[in-house]
Number of protein chains: 2
Amino acid sequence: MSAGQSGPGRRPFVRIGEEGRRAALIDATLDLIAEGGPQAATVRAIALRAGVTPGLIRHYFATKEDLVAAAHESLMSGLTDASGATLAELPDTPLARLAGFIAAAVSPPVTDPRGVALWAASMQLVPRDAAMRAVHEKTYLAFRDRLQGLIADALIAAGRGTGDTRALAIAGNALLDGLWIEAGALPGHFRDGEMKDIAIKAFSRLLQLELPEG
Amino acid sequence: MSAGQSGPGRRPFVRIGEEGRRAALIDATLDLIAEGGPQAATVRAIALRAGVTPGLIRHYFATKEDLVAAAHESLMSGLTDASGATLAELPDTPLARLAGFIAAAVSPPVTDPRGVALWAASMQLVPRDAAMRAVHEKTYLAFRDRLQGLIADALIAAGRGTGDTRALAIAGNALLDGLWIEAGALPGHFRDGEMKDIAIKAFSRLLQLELPEG
DNA sequence: GGCGTAATTATACGCTTGCATAATTGCGCA
DNA sequence: TGCGCAATTATGCAAGCGTATAATTACGCC
């Protein structure tokens, strides 16, 4: 029996470049936070989930706080990228574009409990961590500005003025945020597509436009 | 010198009834969570803040989890009571009532960072704790139903039908939630009263009513 | 194909945590 | 006024935490 060694021996391993390891550690961190909250993301649990031993974390991140910060940044840039990718696939006419953007924001896969849980976790750090606040502010404004642009285009296409698009974008963004949170926090509480219908109708009235329900 | 004892001596204390102690421990817990997140609310920190020694906590709460759950329930019922008290002080005409309710929901003292931080902390537990989810669901529906009632009254007073008040209440609730969160998360980002103006205008369009800007 | 080195594992330390239990003391009550 | 008991303090413990450091091993390179 070649497997019968005298001791348990040292665990074998394969080397993966810095890039891959950092990504694996970040993914493991986000998974654990989403499933069990920040207190579940211990160094040992992260290492176990990532398939390495705890010591390795220190090789890539000076401190656990650094790892969590990197995970948060990765999460946020991921959301931003997803939003941008959505935009690229939307139709061309301004009204349909806006409607598609709204629908995507309150439908799966954007509305999922994991995302809401992660968002709540990061939200908690925003008031007292300056770096977190900066990231929050940046991503919040990026999304809102994108929405504001779509709103302005739709209003112009309808031959309407673009007076208070800032207020409309703030309100529209708040509406989407609130619906997204409830859809994620209370899954099963709303019919399939109900959030989308509510969002489209609410925006139609908010902008006094007829958005296609498609 | 009567103060010069041989040893430090045992710390003196005064007895307070169960009611007062439990309230003090709950308040200390909420303060700590609001300031430093759940991980700051350790048994020792809570006891220090409440002016007692750690052992006493075990005398009133079988486990720390019990204390946190009690604190969450206290927080939520406090918010519900505050909302009810607001309602009692509103004017009598349906439109003014609705406008006052909306304005209160997105103005100080309702919009404060402490409240948003506590809400985010509890939000994080909702997806994986059944008891938390039940409380969240109950308070969410209570607020939404209250809003739905005010909306229906306003529509009736305007001689309008009350067809889809459910959808309007869901959207309106989401709008208020989103504005409340951003006001609390990014204090100083919005002019004084800006949130109120945005909320009133958005609701006016949403309901196709002229709400008084008060 | 063997050597050097960076990636990885292994071990250990000090600290904090939640919780248990024993010792004390303030205070209502007769 | 002093007794009795519950409220409170004091002490201790086992487990888990993040982190430091030394030992090992996979793998690129000449």
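**Notebook: two protein chains and two DNA strands**

I began with DNA strand C and asked which of its atoms lie within 4 Å of the protein: 66% belong to sugar or phosphate, and the rest belong to bases. The model is predicted, so I noted its limits: local features need pLDDT of at least 70, side-chain atom pairs count only at pLDDT 80 or more, and totals for chains, interfaces and linings use all residues. Residues are numbered from 1 along each chain as its sequence is written, chains are lettered from A and ligands numbered from 1 in the order in which they are written, and side-chain values use heavy atoms, with hydrogens and water left out.

**Entry 1: strand C**

I listed the residues near strand C (near: a heavy atom within 4 Å of the strand). There are 23 residues around DNA strand C, and Arg15(A), Tyr60(A), Arg15(B), Arg58(B) and Thr63(B) come nearest. I sorted this surface by class and got nine nonpolar, five polar and nine charged residues. In this sorting, Ala, Val, Leu, Ile, Met, Phe, Trp, Tyr, Cys and Pro count as nonpolar, Asp, Glu, Lys and Arg as charged, and the others, Gly among them, as polar.

Next I looked up helices (DSSP runs of H or I, at least four residues, numbered from the N terminus). α3 (55-60) of chain A and α2 (43-50) of chain B each supply at least two residues of the surface near DNA strand C. The largest share, four residues, comes from α3(A).

Then I checked phosphate oxygens of strand C. A backbone N or O atom of Ile16(A) lies 2.8 Å from one. For Val14(A), a backbone N or O atom lies 3.5 Å from a phosphate oxygen. From chain B, a polar backbone atom of Val43(B) is 2.7 Å from a phosphate oxygen.

**Entry 2: strand D**

I repeated the search on DNA strand D. It has 24 residues around it, and the closest are Arg15(A), Arg58(A), Thr63(A), Arg15(B) and Tyr60(B). Sugar and phosphate make up 65% of the strand D atoms that come within 4 Å of the protein. The largest share of this surface, four residues, comes from α3(B).

I also found a base contact here. An N or O atom in the side chain of Arg44(A) is 2.9 Å from a base nitrogen of DNA strand D. On the phosphate side, a backbone N or O atom of Arg11(B) lies 2.8 Å from a phosphate oxygen of DNA strand D.

**Entry 3: how the chains are related**

I laid chain B on chain A (least squares on C-alpha atoms of residues with pLDDT of at least 70 in both). The RMSD is 0.1 Å, after a turn of 180° and a shift of 0.0 Å along the axis. I therefore wrote down a two-fold axis. Leu175(B) is the residue of chain B that comes closest to the rotation axis, at 2.0 Å (C-alpha).

**Entry 4: where the chains touch**

I counted contact residues (heavy atoms within 4.5 Å). Chain B gives 43 residues and chain A gives 43 residues. The two chains bury about 3700 Å² between them, 64% of it on carbon and sulfur atoms. Buried area is the accessible area (1.4 Å probe) that two parts lose on being put together, summed over both.

How many salt bridges join chain B and chain A? I found two. (A salt bridge is a side-chain nitrogen of Lys or Arg within 4 Å of a carboxyl oxygen of Asp or Glu.) Glu194(B) and Arg166(A) meet in a salt bridge through their side chains, at 2.7 Å, N to O. On the side of chain B that touches chain A, the largest share, 13 residues, comes from α8(B).

Note on methods: A polar contact is a pair of N or O atoms within 3.5 Å; within protein, one must be able to donate a hydrogen and the other to accept it, and residues adjacent in sequence count only if both atoms are side-chain atoms.
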